[in-house]
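Work through the exercises below with the coordinates open. Try each task before reading its solution.

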Amino acid sequence: MSKYSWYTKMILFGCLLSILPVLALGFFSYLKSAESIQSQVNLGNIQIMKQTNGNVEQVLKRLDQNLNNISNSTLMQDALYSPLDYYNFQIYNNLRREMSLLQSIDTQVTDIVLMNSANGWVINNSGLFSLDNYPAKDKLLEYQKLPLNSTWVLHESGILGETMPGRCAYTLSQVRKLPLLSSEKRGVVYASIPACSLASMIKDDTEKQEVMIFDKDFRIMVHPDETLIGKRLPEIGYMHEQDLARFTEEKVGQFEADLPDGRASVTYVRSDFNGWIYASFTEISAITEEARSIGWFTLVVCLVLAGMSVGVVWLGSRRMYTPIRGIVRAISDKLPDPALKKQNEFQLIHEHIQDMFRSNTSLKHELHQNTQQVRTFFLTRWYQGNVKQGELEDKMALYGYAPAIAAWEHLAVLTLQVDRLEQTRYDAKDLDLLLFAANNIIEDLIPSQNRLTPVIVDQTQVTLVGQGNMTPEEFNAYLYQVTESIQTHIRSFLDLVVSIGISLPFRTLSKAPRAYHEGMEALKHRLKLGEGVIIHYANVNSGKHTLISPFPQQVENELIDSIKLADEERADELLKQWMGEVFHKERSPQEYQTTLIRLLNHLMGVMQESGIALNVIQPEDGSLYEELLELYVPKDIEKWFRKRIIVPMVGVFRDRSDSQFRSLSEEIIDLIHQHFDTDLTLEECAAKLHYNASYLSSVFKKETNLSFSDYLTTYRFQMAKQWLVETDMPIKDIAQKLGYNNPQNFIRSFRKLEDMTPGQYRTKYAGKEG
């Protein structure tokens, strides 16, 4: 108790001593508040101007980029050299659609006008017009004579024939002469943003501060008061002509100036994008008045708080520590290091709570990631026919799909493949990333209540779509609408040509694997139909479902791995599982025999790859195939496979010494250490060591308890930490040497493993070396 009583007395004594500093602070704040607040206001104004500059320029740059894209498009080039009469309606429709894409909430563009002076036509939001009959003909022709190819123009709304001129009195427009790369200009495109839309982004709520944007000639372009737009600063009494040069001295600056209402602090930021100046004018008298009020208020509050602190601490110090003491005891009992128990109690509690929050956050993140991966893996197994009916219903409920599925009356599977990557800006290594992007597009286009999570199966994007309250004909029409929209968006955003297969509609989830195969079969008809097509399986198989007998490939792979690892018990279990899945399905006798021969061929192929002589299992007279085809009872077939094939193979692999495994693992590790800074894969190691990749993966996992990719990642990060500590190599160069195309991906991965960024790691440990 003496320890805690001393702690309580120290708190009380410290509070009493704090009275004098608090009083001194209040008095000092009264004297210095004006200077301090003005400094803070100036710093705050700089940040506000930078933020305003960034917000407004984001809109302007987005418009500039979008306008540049459409100006350079093939469609625009065709339109500039076309009369655009009723014979060319397709060019007009496509051009109108591309122009409408520029009008969105993000760009804040309200009107787009395209004039072709060479062919005498104008397009705006209302349609196609003859240039001679267009009201704003003279103004458009005047813009075509501007000296620059791209210019920002301020004018009154409505003078160019806009369809929505009444929203704001003034409009900011980007005028771009076309074609961009030709000296002979045939027309002009004009995209307008209402000045009041940008004014809403810079509006300030204080009466003593004014924010505006003006151009290089100090003409106001954006202002909350539309009556001031278009006027120069000297015209409204803000600055004299001789003082305007102060805005061009630096990119970011502050100075004081005389305004009609008194002296003001001027803060400005000059844009590198278009040379506009973003400025705020704050009256100094308002800052001073506020500072005095805050100073008196601070002084009074300090006196009140000082008196209250003495009373509260005196009455409550002893009681306040009782629960803290209980918490400290509970934590201290669990601390392994006795020295930690002697540290400050509040620090001990704080660190313990921080550890709990970090653990909770980490667990939530890992749980979310694992749930997504498990869900994707489950859907992949399901489409491939490796999920039982009982498991299917439980998993659908577990992953939250059950409510949506209950409302579906018609279901279908969509399969999407990229037709080609040649003659595009992508390489084969980008395919996985492109399919992931297609996944995101589909998730945005199809509401979550009408689909399951899109997944990627063997370089094919697969999505199950469902609908209720529709007739079969309406559902088929919906599928075509969705697939056409997917194709259009992928072509627009990724510049890729894709084909989509549509299965026949079905009603029960158990038919999804069959529907997946129907979608894949439909895609095979691209051989006749070409690329960029949507193929409905109803047009392929006369509207009849396929009869699919799925092969348990996953179980077979695990069986082969267990044989290579000489795990006879596991091999027996997997053989029983494989036989159960094969004979559980209704098939014709020929299909059963084909499946069994397929397994025998794969096992014999493993023997050949592993260097096992066929005479180990091959009878001297007769054939293994003949023996297998003479068996008709599943138990006899299972016994035959175990006795004639699996047991001899397991014996051969068991006889191979563990030293061989260790040797292979050491060779793989040596390859990793030599080529870690390349795009090294397990397949490349297998090719160099003349082994099967799956076999090497099993051996490496058995000997090191790590997968190939985990070991490679771990070693790369060990080298990264060594370079960070021992060299001055830039972080982006380290990321590039480790195979990261984007340094930010490397930084995120490093922070996930080390709980700090590479820069923080270098700062923390570089100084300790040597």
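What percentage of the 770 residues in the protein chain do buried residues make up? Buried residues come to 42%. Buried means under 20% relative accessible area, exposed over 50%, partly exposed in between (1.4 Å probe, protein chains only).

Some ground rules follow. The model is predicted: local features need pLDDT of at least 70, side-chain atom pairs count only at pLDDT 80 or more, and totals for chains, interfaces and linings use all residues. Residues are numbered from 1 along each chain as its sequence is written, and side-chain values use heavy atoms, with hydrogens and water left out.

**Exercise 1. Take stock of the chain.**

Task: count the helices and strands of the protein chain, then state the share of contacts that join residues at least 24 apart.

Solution. Start with the assignment. Helices (H or I, at least four residues) and strands (E, at least two) are DSSP runs, numbered from the N terminus. The protein chain has 25 helices and 16 strands. Next, the contacts. Contact means heavy atoms within 4.5 Å. Take the contacts between residues at least 6 apart in sequence: 61% of them join residues at least 24 apart.

**Exercise 2. Trace the six-strand sheet.**

Task: give the strand order of the open sheet of six strands and find its edges.

Solution. Two strands pair if DSSP finds at least two bridges between them. The order is β3-β2-β1-β6-β5-β4, with antiparallel pairing. The edges are β3 (127-130) and β4 (150-156); each has a single partner strand, so one side of each has no neighbour in the sheet. On average, neighbouring strands here are turned by 20° against each other, direction ignored. Axes are lines fitted to C-alpha atoms, for helices over the stretch in contact, and angles run from 0 to 180 degrees between N-to-C directions.

Now check one pair. Strand β1 (residues 111-116) and strand β6 (residues 187-194) are antiparallel, with six bridges. Valine 113 has tyrosine 190 in β6 as its bridge partner.

Then place the helices. Helix α3 (residues 89-101) lies across β1, β2 (121-124) and β3, at about 45° to β2. Helix α4 (residues 137-144) lies across β1, β2, β4, β5 (170-178) and β6, at about 75° to β1.

**Exercise 3. Trace the five-strand sheet.**

Task: order the strands of the open sheet of five and describe its hairpins.

Solution. The order is β8-β7-β11-β10-β9, again with antiparallel pairing. β8 (220-222) and β9 are the edge strands, pairing on one side only. Neighbouring strands are turned by 35° against each other on average, direction ignored.

Go pair by pair. Strand β7 (residues 209-214) is joined to β8 by two bridges, and isoleucine 213 stands opposite valine 222. Strand β9 (residues 252-259) and strand β10 (residues 262-270) share eight bridges; glutamine 254 faces threonine 267. Two residues form the hairpin link between β9 and β10. β10 and strand β11 (residues 277-283) pair over seven bridges, with valine 269 opposite tyrosine 278. Their hairpin has six residues between the strands, and glycine 275 in it takes a positive phi near 80°.

Finish with the helix. Helix α5 (residues 195-202) lies across β7 and β8, at about 80° to β8.

**Exercise 4. Describe a helix pair.**

Task: characterise the packing of α16 and α18.

Solution. Two packed helices are described by the angle between their axes and the distance between the axes. For helix α16 (residues 589-609) and helix α18 (residues 634-655), the angle is about 5° and the axes are 11 Å apart. The two are therefore roughly parallel (angles under 35 degrees; over 145 is roughly antiparallel, 65 to 115 roughly perpendicular, the rest oblique). Now list the contact. Leu596, Leu599, Leu600, Leu603, Val606 and Met607 of α16 meet Ile637, Trp640, Phe641, Ile645 and Met649 of α18. The contact has eleven nonpolar residues, no polar and no charged. Nonpolar covers Ala, Val, Leu, Ile, Met, Phe, Trp, Tyr, Cys and Pro; charged covers Asp, Glu, Lys and Arg; the others, Gly among them, are polar.

**Exercise 5. Locate one residue.**

Task: is leucine 574 buried or exposed?

Solution. Leucine 574 sits in helix α15 (residues 568-584). Its relative accessibility is 0%, so leucine 574 counts as buried. Beyond its neighbours within four places in sequence, leucine 574 contacts Val555, Glu558, Leu559 and Ser562.
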